[in-house]
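Okay, everyone, thanks for coming. Let me put the model up on the screen, and then I'll walk you through a few parts of it.

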Amino acid sequence: MFYRLLSVVQRQRTSRGWQNWSSARSSASAAEAHSVALPAQAQVVICGGGIMGTSVAYHLSKLGWKDIVLLEQGRLAAGSTRFCAGIISTARHLSIEQKMADYSNRLYQQLEQETGIQTGVQIYDRTSVVHVMTKKGEVTGVETDKGQIECQYFVNCAGQWAYELGLSNEEPISIPLHACEHFYLLTRPLETPLQSNTPNIVDADGRIYIRNWQGGILSGGFEKTPKPIFTEGKNQLEIHNLQEDWDHFEPLLSSLLRRMPDLETLEIVKLVNCPETFTPDMRCIMGESPLVKGYYVLAGMNSAGLSFGGGAGRYLAEWMVDGYPSENVWELDLKRFGALQSSRTFLRHRVMEVMPLLYDLKVPRWDFQTGRQLRTSPLYDRLDAQGARWMEKHGFERPKYFVPPGKDLLALEQSKTFYKPDWFDIVESEVKCCKEAVCVIDMSSFTKFEITSTGDQALETLQYLFSNDLDVPVGHIVHTGMLNEGGGYENDCSIARLNKRSFFMISPTDQQVHCWAWLKKHMRLDSDLILEDVTWKYTALNLIGPRAVDVLSELSYAPITPDHFPSLFCKEMSVGYANGIRVMSMTHTGEPGFMLYIPIEYALHVYNEVMSVGQKYGIRNAGYYALRSLRIEKFFAFWGQDLNTLTTPLECGRESRVKLDKGVDFIGREALLQQRQNGVYKRLAMFVLDDHDTDLDLWPWWGEPIYRNGLYAGKTTSSAYSYTLERHVCLGFVHHFSENTGEEQVVTADFVNRGEYEIDIAGQRFQAKARLYPVASLYTHKRRKEDVELSDLHGK
């Protein structure tokens, strides 16, 4: 498949008298002949002559870019592409991965017939990139071992060399991936040779895959004890077959023989051992660097390069040409990582866990076990001693729930199920305490920025970047979206106005790199605006419940009544002995309470005081599972799962967070005006399951198909059990697909309300009631302004 793609990329050379490349050997010789002199400049330089680099070049050319140079340090396809096992799988865990694989599969078949595409792509092998040149945070050129090339864009498709190449730049770029040895064996043909249409076999229990290879068998797998390599950064220009290790391969060979005993008599040709790169979260890496404009990355395929090659190259090319891809690719975006995930020790340990997981069953809400306790709040040890069980987000440890004394801790830690989980009763008690008394949740992982200026530029910049009106009185909090040109959410956040020229911004945990990059990208270079990441400066405690006001009143000796401290208000207060605590009257759940942003040196003191005073009011610790249940039953969507770059405020009932007439233009305004006129093609709805048995039936976790009047209408984006309704609640988008053409049509509120709905959970459909607003019976107290406007910012 690689060479079919490569031949199309090279087709323009045929018109110049070059022979069409039809094999690996002729491809290499032709490129070598052309590698004598490099051009002085190009629009795009791509580093890496494997399937990823050629796919990007192909799709950029197809989108109309002509001045493209592709560099390969060895021979073309001399890296991991050379040893590809040749399996294309479209069965993927993530929707975006499935779309990439589907497109790749179609593309490879299409390339056999495709003709007449003029590319302007120039390929040079035996040419090594030394480093990428930058000026004022932008790509200006590439220095190679054969000279310099000026360029506007650089694409790092260097595979297992991508990590070192990123660090070699004038401004180092973090690309977290690590290579492991990957094994597969080849046999001579069977007595009755296998045919080309013999289906591939994946034996997940045995951790192996099997396919036809020239009438014989190609079989490899993903062992439980992988072997990381190149930890010191030393590897070869070209990937050769590494040393055989039959002892290491023995468990996979045993699995093969158990699955197909007759193969024991087959003659083995060789055991192939080649490097393959893996990432910290089992998802590939693509997108623009947050540090250098024009520097793009496509790498870390986790042994799925052939499946993803076409789709990944397409989306990255669209990103470069149009400014954004045609699908939401946040789950693959380079900016989901920070520099903290690039430690060689972290990567070595993490990929040893990642590689075996490729064939393991993925249960809901599982957590990586390696690379943990990397980022912790000052309260970590105190909470851990009180029974906290932990989850990780963007390297930050966050409490899931708290195990009461006497519970079987081991059973809870090993709870792996798609059914009712062991922590059900624990979370129920935490939710009940949030509604009837007071709970405290450590939410220090929130991303926190301060934006200040000497003049009015802070306000002017934020007014341009955000959809809501931020020209509010000092002390007020505004919930708003940071939108792109299409009106989609780049971020969903809360902003407090500290004074006329200073703002405090709170965003989801995994927005730390992405939001910073977006803000810096749109700030004027000559601006006096100061943007500071203060995430590490503040510990955040969420006091939730009707008795939160009593606890805070005793600790502050200040009036906390609604008249003195209205909803969505921020003021600095003393809490206990500590000064300068930023207290906000919101909880991200719709329940009454306060967020306390505490200078980190005061964190332990304030927490101790809160817990001490709160004893008389029934205070207890709670975790993110309780928070998730509370926010979903209040119909609060969050960014990264319910909301993404292709979701607009008008599609999810957030018109109140958009001020189209605030007197200044903002990014996405024109798109929203047009959408308001034309109508929306999807609407976020809340689904309450009717005939679902919580104790016996499989649970909805998210991603389940939604059926309206028996026809597919979308899928769920998040779900949780509502302890108030005693029902499962799902959030998801309703679409209106034409029965004749399948094209999407406008979705109105009436269309949503008139439908009869079912949620498909593992093949079984359950009746559900769809709502565009929260269920009225959920509220046990008078609805506050926060109930309508707040959303959860913490991530999934």
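Let's start in the middle of a sheet: Phe449 has Met505, in strand E22, as its bridge partner. Before I go on, the fine print. This is a predicted model, so you know, with local features needing pLDDT of at least 70 and side-chain atom pairs counting only at pLDDT 80 or more, while totals for chains, interfaces and linings use all residues. Residues are numbered from 1 along each chain as its sequence is written, and side-chain values use heavy atoms, with hydrogens and water left out.

A word on labels too: helices (H or I, at least four residues) and strands (E, at least two) are DSSP runs, numbered from the N terminus. Two strands pair if DSSP finds at least two bridges between them.

Back to E22, then. Strand E19, residues 447–452, pairs with E22 in the antiparallel sense over six bridges. Strand E21, residues 489–499, is also antiparallel to E22, joined by five bridges. A hairpin of two residues links E21 to E22, and Asn499 sits opposite Ser502 of E22.

So how many of the residues of E22 are buried? Six of its six, where buried means under 20% relative accessible area, exposed means over 50%, and partly exposed is in between, with a 1.4 Å probe and protein chains only. In a regular strand the side chains alternate between the two faces of the sheet. Here, Ser502, Phe504 and Ile506 point one way, Phe503, Met505 and Ser507 point the other way, and all are buried.

Zooming out for a second: the protein has 20 helices and 35 strands. Of its 796 residues, 59% are buried. Taking contact as heavy atoms within 4.5 Å, residues 24 or more positions apart account for 72% of the contacts with a separation of 6 or more.

One loop residue I like is Thr535, between strand E23 (530–533) and E24. Is Thr535 buried or exposed? Its relative accessibility is 4%, so Thr535 counts as buried. Thr535 and Ser445 are 90 residues apart in sequence, yet their C-alpha atoms are 7.4 Å apart in space. Setting aside neighbours within four places in sequence, Thr535 contacts Arg375, Ser444, Ser445, Phe446, Thr447, Lys448 and Gln512.

Now, the open sheets. One has six strands in the order E25-E26-E27-E24-E18-E28, with mixed pairing. Strand E25 (570–575) and strand E28 (620–621) are at the edges with a single partner strand each, so one side of each has no neighbour in the sheet. E28 runs parallel to strand E18, residues 439–442, and two bridges join them; Val440 has Asn621 of E28 as its bridge partner. Helix H16, residues 603–614, packs on this sheet, and its direction makes about 150° with that of E27. For angles, axes are lines fitted to C-alpha atoms, for helices over the stretch in contact, and the angles run from 0 to 180 degrees between N-to-C directions.

Another open sheet, also of six strands with mixed pairing, goes E3-E2-E1-E7-E15-E14. Its twist averages 15° from one strand to the next. Strand E2, residues 68–71, pairs with E3 in the parallel sense over four bridges, and Leu71 has Tyr124 of E3 as its bridge partner. H4 packs on this sheet, at about 175° to the direction of E2.

What else does H4 do? The axes of helix H4 (residues 51–62) and helix H5 (residues 95–111) come within 14 Å and cross at roughly 75°. That makes H4 and H5 roughly perpendicular, the label for 65 to 115 degrees; under 35 counts as roughly parallel, over 145 as roughly antiparallel, and the rest as oblique. H4 brings Ile51, Tyr58, His59 and Lys62 to the contact, and H5 brings Tyr103, Leu107, Tyr108, Gln110 and Leu111.

Last stop, helix H18, residues 669–678. Which of its residues are buried? Ala671, Leu672 and Gln675. They cover an arc of only 95° around the axis, going by the directions from the helix axis to the C-beta atoms, which puts them on the same side of H18. On the other side, Glu670, Arg676 and Gln677 are exposed. Strand E20 (477–483) is among the elements covering the buried residues. And just after H18, Gly679 takes a positive phi of about 95°.
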